[in-house]
Amino acid sequence: MTRIFALSGSLRVASFNTALARAAQEHAPQDVQIEVGTLHGVPLYDGDLETRDGLPEAVLALKARILAADALLLVSPEYNNGVPGVMKNGIDWLSRADMKAVFGGRPIGIVGASMSGFGTITAQTAWLPTLKLLGGVVYSGGTMMLSRAQNAVDAQGRLTDESAQKALANYLSGFAAFVRAHAK
Ligand SMILES: Cc1cc2nc3c(=O)[nH]c(=O)nc-3n(C[C@H](O)[C@H](O)[C@H](O)COP(=O)(O)O)c2cc1C
């Protein structure tokens, strides 16, 4: 069984990115198990807070979930042509938790959903320098961008668009093979 931890970078209850992460659970190959997490409870990074209290509980919990998985899947929104601050903040905290264990040599995929026609192409590219620095092994064998997510996800947060479902399934099957080939 290949285990993937999918981290949504949106805090919204009705987030299209969290919906995409949940859809990934449904459309993963049979031998792939996907767990979904969010960044709720992660405070803004503050070096004084870290010195005083150490790592926040929410960060330690995310770290444990990533370490228990074979791979990390970032499900990232795009804000102003870049990565969302909420998600970068979470990744920054995780880099303080144990950069080598959390990211070093870890297979990492990037997907995302946005309301525009360009999916999250700019945000996905913008993640690359950070993931390179962190030592992740980034999957580049496929792309999954959910454009105009408002037309592809229903009111219950289900991915209903068939071509998006197929694209997601294809991405996940390629990513899972990559994860198996690059097992940590
Ligand atoms: C501050 C802000 C900036 C945004 N910038 C972009 C952008 O550059 N490109 C884009 O496709 N969508 C952009 N959007 C729209 C998002 O795609 C949309 O809000 C989306 O629903 C966010 O993901 P979520 O549903 O998972 O919260 C932006 C939204 C916000 C709030």
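**Exercise 1. Find the ring under the charged end of Arg 12, and see what else Arg 12 approaches.**

Step 1. Start at Arg 12: its charged end sits over the ring of Phe 16, 5.4 Å from the ring centre. A charge sits over a ring if NZ of Lys or CZ of Arg is within 6 Å of the ring centre and within 35 degrees of the ring normal.

Step 2. A word on the model: it is predicted, so local features need pLDDT of at least 70 and side-chain atom pairs count only at pLDDT 80 or more, while totals for chains, interfaces and linings use all residues. Residues are numbered from 1 along each chain as its sequence is written, and side-chain values use heavy atoms, with hydrogens and water left out.

Step 3. Now turn to the ligand. An N or O atom in the Arg 12 side chain is 2.7 Å from a ligand oxygen atom. Ser 116 places a polar side-chain atom 2.8 Å from an oxygen atom of the ligand, and a polar backbone atom of Met 115 is 3.2 Å from a ligand oxygen atom.

**Exercise 2. Describe the aromatic pair of Tyr 139 and Phe 178.**

Step 1. Rings of Phe, Tyr and Trp (its six-membered ring) pair if their centres lie within 6.5 Å; planes under 30 degrees apart count as stacked, over 60 as edge-to-face and the rest as tilted. The count comes to 6 aromatic pairs.

Step 2. Tyr 139 and Phe 178 form a tilted pair, 5.2 Å centre to centre with 50° between the planes.

Step 3. Locate both partners: Tyr 139 is in the loop between β5 (137–138) and β6 (145–146), and Phe 178 is in helix α7 (residues 162–181), 39 residues apart. Helices (H or I, at least four residues) and strands (E, at least two) are DSSP runs, numbered from the N terminus.

Step 4. Both Tyr 139 and Phe 178 are buried, meaning under 20% relative accessible area (1.4 Å probe, protein chains only). Ring pairs link them with Tyr 171 and Phe 175 into a cluster.

**Exercise 3. Place Leu 73 in the largest nonpolar core.**

Step 1. A nonpolar core is a set of buried Ala, Val, Leu, Ile, Met, Phe, Trp, Tyr and Cys residues joined through side-chain atoms within 4.5 Å. The largest one has 32 residues, and Leu 73, Leu 146 and Phe 175 have the most contacts inside it.

Step 2. Helix α7 gives the most to this core, with 8 residues.

Step 3. Leu 73 lies in strand β3 and is buried, with a relative accessible area of 1%.

Technical notes: Buried means under 20% relative accessible area, exposed over 50%, partly exposed in between (1.4 Å probe, protein chains only). A polar contact is a pair of N or O atoms within 3.5 Å; within protein, one must be able to donate a hydrogen and the other to accept it, and residues adjacent in sequence count only if both atoms are side-chain atoms.
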